[in-house]
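Colleague: I've got the model open and would like to go through it with you. Can we start with the overall layout and then pick at single residues?

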Amino acid sequence: SDVECGEDLEKLNVAAFERCHKLERIVLPLKDNVIENGAFRYCPNLATVDLVGGIHHTAASLHMESWRNEMKDEINRINQVLLNIDDARGKGPAIQQWLSSVVQRVEHYKAEHRVVLKEVTTLLELA
């Protein structure tokens, strides 16, 4: 089964989906620290995590093709990682680590984008 959480989700508490053997896919907002450890313990069939909101549009809009490709790869990476996780330990820590990584990359590319825009603005002013 699938669970879709909205962008307004603040926290998935410990054991929120513990032993939910039918859970195969979850959609989460891109937020740091939204998942507490143990939220997905003993969810052996959880294999897909997707992100709700405009992150896919943001990634597709990145200035450089290499940035777009890196973001796309990072967004999709979690679904490969989940296949190799010991279910007794729980998948929550890996999902939370991935969410944090995606947030950090988005912030990094926003900063890089601002630098490029500033450079272009300066060039236009000099022209």
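Colleague: In what order do the strands sit in the open sheet, and is the pairing parallel or antiparallel?

Modeller: Bear in mind that this is a predicted model. The open sheet has three strands in the order β1-β2-β3, with parallel pairing. The edge strands are β1 and β3, each of which pairs on one side only. Ignoring direction, neighbouring strands are turned against each other by 20° on average.

Colleague: What packs on the sheet?

Modeller: Helix α3 does, touching β2 and β3. The direction of α3 makes about 40° with that of β3.

Colleague: Back to the strands. How many bridges join β1 to β2?

Modeller: Three, with β1 covering residues 2-4. One pairing to look at is Val3, whose bridge partner in β2 is Ile26.

Colleague: And how many between β2 and β3?

Modeller: Five, again in the parallel sense. Among the facing residues, Leu28 stands opposite Leu51 in β3, and Arg25 has Thr48 as its bridge partner in β3.

Colleague: Is β2 mostly covered or mostly open?

Modeller: Mostly covered: four of the five residues in β2 are buried.

Colleague: Which residues have the most contacts inside the largest nonpolar core?

Modeller: They are Leu12, Ile26, Leu28, Ile35, Phe40, Met71 and Ile95, in a core of 32 residues. At least two core residues come from each of β2 (25-29), β3 (48-52), α1 (55-60), α2 (65-81) and α3. Helix α3 gives the most, with eight residues.

Colleague: Leu28 has come up twice. What is Leu28 in contact with, leaving aside neighbours within four places in sequence?

Modeller: The contacts are Cys5, Leu9, Leu12, Ile35, Val49, Asp50, Leu51, Val52, Ile95 and Leu99.

Colleague: Changing topic to the aromatics. How many aromatic pairs does the structure hold?

Modeller: Two. In one of them, Phe17 and Phe40 have ring centres 5.6 Å apart and planes at 0°, so that pair is stacked. The pair links distant parts of the chain, 23 residues apart: Phe17 is in the loop between β1 and β2, and Phe40 is in the loop between β2 and β3.

Colleague: Are Phe17 and Phe40 buried or exposed?

Modeller: Phe17 is buried, and so is Phe40.

Colleague: What lies over the face of Tyr42?

Modeller: Arg19, at 4.3 Å from the ring centre.

Colleague: Now some polar residues in the helices. Why does Asn79 count as buried?

Modeller: Asn79 has a relative accessibility of 17%, and buried means under 20%, so Asn79 counts as buried. Asn79 is in helix α2.

Colleague: What does Asn79 touch, not counting residues up to four places away in sequence?

Modeller: Ala47, Thr48 and Val49. As for Ala39, which is 40 residues from Asn79 along the chain, the two C-alpha atoms are separated by 17 Å.

Colleague: What about Ser101: buried or exposed?

Modeller: Ser101 is buried, because its relative accessible area of 19% falls under the 20% limit. Ser101 is in helix α3, residues 92-126. With residues up to four places away in sequence left out, Ser101 touches Glu74 and Arg77.

Colleague: Same helix, then. Is Leu123 buried or exposed?

Modeller: Leu123 is exposed, because a relative accessible area of 59% is over the 50% cut-off. Leu123 is also found in helix α3. From Leu123 to Pro29 the C-alpha distance is 38 Å, with their positions 94 residues apart in sequence.

Colleague: Last topic, the backbone. What is phi of Ala15 near?

Modeller: Near 65°, a positive value in a residue other than glycine. Most residues other than glycine have a negative phi. Ala15 is found in the loop between β1 and β2, and is partly exposed, with a relative accessible area of 33%.

Colleague: And what is phi of Asn33 near?

Modeller: Near 60°, again a positive value in a residue other than glycine. Asn33 lies in the loop between β2 and β3. At 49% relative accessibility, under the 50% needed to go past partly exposed, Asn33 counts as partly exposed.

Technical notes:
Residues are numbered from 1 along each chain as its sequence is written. This is a predicted model: local features need pLDDT of at least 70, side-chain atom pairs count only at pLDDT 80 or more; totals for chains, interfaces and linings use all residues. Side-chain values use heavy atoms; hydrogens and water are left out. Buried means under 20% relative accessible area, exposed over 50%, partly exposed in between (1.4 Å probe, protein chains only). Contact means heavy atoms within 4.5 Å. A nonpolar core is a set of buried Ala, Val, Leu, Ile, Met, Phe, Trp, Tyr and Cys residues joined through side-chain atoms within 4.5 Å. Two strands pair if DSSP finds at least two bridges between them. Rings of Phe, Tyr and Trp (its six-membered ring) pair if their centres lie within 6.5 Å; planes under 30 degrees apart count as stacked, over 60 as edge-to-face and the rest as tilted. A charge sits over a ring if NZ of Lys or CZ of Arg is within 6 Å of the ring centre and within 35 degrees of the ring normal. Axes are lines fitted to C-alpha atoms, for helices over the stretch in contact, and angles run from 0 to 180 degrees between N-to-C directions.
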